[in-house]
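Me: I would like to learn how to read a protein model feature by feature, starting with the overall composition and ending with the ligand. Could we go through one together?

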Amino acid sequence: MAQNQREQIRVVAEKAVLVAVLLPNSLHGPDAALDELRALAETAGAVVVGELIQNRAKPSGKTYLGKGKVQELADLVSMMGASLVIFDNDLAPSQIKAIEEGTNCKVIDRSELILDIFANRAATHAAKLQVEIAQLEYTYPRLRAMWDHLETIVGGAPIGIGTRGPGEQQLEIDRRLVKNRLRNLKRELNQILQRKVREVHKRNLDHFTVGLVGYTNAGKSTLFNSLTAGGAFSHEKLFATLGTRIERWDFGGGTAAMLSDTVGFIRDLPHHLVASFRSTLEETIHSDLIIIVVDISDPNSQMHLETVQNTLDAIKATRQKRLLVLNKIDQQEDSRQIMCWLNNHPDAICISAITKEGLDELSNTVRESVIGKVREIVITIQLSDSRAVDFIEKRTEVLNRDYGDGQVNFTVGIGRRQIDQVLAIGGAILIDGKNPQEAISLLWKEDESDKDRPLRIPPHELPEI
Ligand SMILES: Nc1nc2c(ncn2[C@@H]2O[C@H](COP(=O)(O)OP(=O)(O)OP(=O)(O)O)[C@@H](O)[C@H]2O)c(=O)[nH]1
Ligand SMILES: [Mg+2]
């Protein structure tokens, strides 16, 4: 029973059979049930040679699939020469063991597949640490539970269980060693997280920050590249991005924000993976504005949006405004679909990150969040107040300058927040000839939304990973 040996769990180039058990509350019908799993398997490098779907009222305890289906699966595996079975459902270790015995083939579930993709994609030191922690916490207990049956199969020789992953670290069999390793990895990752928190905090003090989030493959990196100097890796495969990238997003007229692109979300992301990817998501958690990118050409886009919103809640990115962006409208032939989205989300912005349609509207909307609602005013500044003069010249839209009497009257298009910045610089200014506070309350009085600006978040308590 050589195939059962779990010395190699990497799915690269393995011939795989996909299996889904559709329960009454399943998200998909039989047609689309395996679409995402197929894409994940292909992303991991497997070659899909067969698929099997079973409808059940509830999983069969021992093998998840019904008994007859296990036999059907065994026949399919042997007919196709498959070396791997991938389940869409999360399985208990005992179920994996029973199905492996019933099919004479290695079995992994969706969470393990996702971990495998992350392990292969992790490029930075932090990402590697994060993946290894997640693997130790998720995979180790499962492998350990299977150790018994492997031991009987291979006669007790300590085969290298679970050698996939960054650095091809061999999972230690001894629980104590694993615990020590986990402790060290977490300590190291916590140091990275602390550094990250300081970095993010400083960036937030200096800039308005915007985080791009969305389901994997929504088009975040493509949009990021269209809006900034670019450089993000975009690909048709899932989880193209695992790290975080930050670039300046220039709106013109001296206004800019820092935009971040990060790892995509997916439904039922293994719990440990979410927790250990916290340092990657730090930018998102503390950004001033979150842009949720949804690929509306995907039949599951509604479920994707829910997953993203739930994940944002789970990582406690709840203090800032969320702006919904409907991407890939170039692929949407039926405009009723777009209308339907807009009916449910009137503030959403329709774009194509590839054709760049809608990007001006997106930029204008975000620019307004950065500087507040723009008004045309006359602002009077003493010429000796060079920092304020400089700010107005470089950071606002100057329509006219009128010099005299040691002062300058600028006619400008200016946002409420920019006024705050001028005031913070100090110096005596007049707005439309009035004292600033009085003028602001008159000019921006109906702009309740301007009060919504998230408070700058103080460096928070460091979470335990
Ligand atoms: N037709 C069309 N394709 C798009 C658009 N935006 C992105 N894509 C394609 O969608 C695929 C995924 O794009 P990415 O930008 O890598 O997606 P992502 O959200 O960064 O994905 P992850 O990093 O995996 O989370 C690529 O093949 C892009 O070319 C769009 O507006 N229209
Ligand atoms: Mg990406």
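Reply: What follows is a walk through this predicted model, taking the chain as a whole, then its sheets, its cores and the ligand shell.

Me: Let us begin with the whole chain: how many helices and strands does the protein chain have?

Reply: A count of elements is a reasonable starting point, and here the secondary structure comes to 15 helices and 14 strands. Of the 465 residues of the protein chain, 40% count as buried. Sequence separation adds a further view: among the contacts between residues at least 6 apart in sequence, 70% join residues at least 24 apart.

Me: Which order do the strands take in the open sheet with parallel pairing?

Reply: A sheet is read by strand order, by pairing sense and by its edges. This one has 4 strands in the order 2-1-3-4, paired in parallel, and its edges are strand 2 (47-55) and strand 4 (106-109), each of which pairs on one side only. Neighbouring strands in this sheet are turned against each other by 25° on average, with direction ignored. Strand 3 (residues 84-87) pairs with strand 4 in the parallel sense over 4 bridges, and there Val85 stands opposite Val107 of strand 4.

Me: Which strands does helix 2 touch where it packs on that sheet?

Reply: For a packed helix one lists the strands touched and then the angle between directions. Helix 2 (residues 67-80) touches strand 1 (15-22), strand 2 and strand 3, and its direction makes about 165° with that of strand 2. Helix 3 (residues 93-103), for its part, lies across strand 3 and strand 4 and runs at about 145° to strand 4.

Me: What is the strand order of the open sheet with antiparallel pairing?

Reply: The reading proceeds in the same way: this open sheet of 4 strands has the order 12-13-11-14, with antiparallel pairing. The edge positions belong to strand 12 (397-404) and strand 14 (429-431), each pairing on one side only. Strand 12 and strand 13 (residues 407-415) are joined in the antiparallel sense over 7 bridges, and Asn400 stands opposite Thr411 in strand 13. Helix 13 (residues 386-395) packs on this sheet, touching strand 11 (374-382), strand 12, strand 13 and strand 14, with a direction about 150° from that of strand 11. Helix 14 (residues 416-425) lies across strand 13 and strand 14, at about 140° to strand 13.

Me: Turning to the interior, which residues of the largest nonpolar core touch the most other members?

Reply: One looks for the members with many partners and for the elements that supply them. Of the 92 residues in the largest nonpolar core, Val85, Ile86 and Ile292 touch the most other members, while the largest share of this core, 7 residues, comes from helix 5 (residues 125-154). Ile86, leaving aside its neighbours within four places in sequence, is in contact with Ala16, Leu18, Leu37, Ala41, Ile108 and Leu113. Another core, of 14 residues, lies apart from the largest one, and among its members are Ala388, Phe410, Val412 and Ile431.

Me: Why is Leu193 classed as buried?

Reply: Burial is read here from a neighbour count, with 20 or more other C-beta atoms within 10 Å as the cut-off. Leu193 is classed as buried because 20 other C-beta atoms lie within 10 Å. Leu193 sits in helix 6 (residues 175-206), and its C-alpha is 8.6 Å from that of Thr280, although the two residues are 87 apart in sequence.

Me: Which residues are closest to ligand 1?

Reply: A ligand shell is read by its closest members, by their character and by the elements they come from. Of the 23 residues that surround ligand 1, the closest are Gly219, Ser221, Ser234, Thr241 and Gly264. The shell divides into 6 nonpolar, 13 polar and 4 charged residues, and its largest share, 3 residues, comes from helix 7 (residues 220-227).

Me: Is helix 7 mostly covered or mostly uncovered?

Reply: Helix 7 is mostly covered, with 6 of its 8 residues buried, namely Lys220, Ser221, Thr222, Leu223, Phe224 and Leu227. These buried residues pack against strand 5 (209-214), strand 6 (245-252), strand 7 (255-261), strand 8 (289-295), strand 9 (321-327) and helix 12 (359-371). Two of those partners, strand 6 and strand 7, pair with each other in the antiparallel sense over 7 bridges, and in their hairpin, which has 2 residues between the strands, Gly253 takes a positive phi near 60°.

Methods
Residues numbered from 1 in each chain as written. Chains lettered and ligands numbered in written order. Predicted model: local features only at pLDDT ≥ 70, side-chain atom pairs only at ≥ 80, totals over all residues. Core = buried A, V, L, I, M, F, W, Y, C linked by C-beta atoms within 7 Å. Buried ≥ 20, exposed ≤ 12 C-beta atoms within 10 Å, placed from the backbone. Contact = placed C-beta atoms within 7 Å. Near = placed C-beta within 6 Å. Nonpolar A, V, L, I, M, F, W, Y, C, P; charged D, E, K, R; others polar. Pairing = 2+ DSSP bridges. Axes fitted to C-alpha atoms, helices over the stretch in contact; angles between N-to-C directions.
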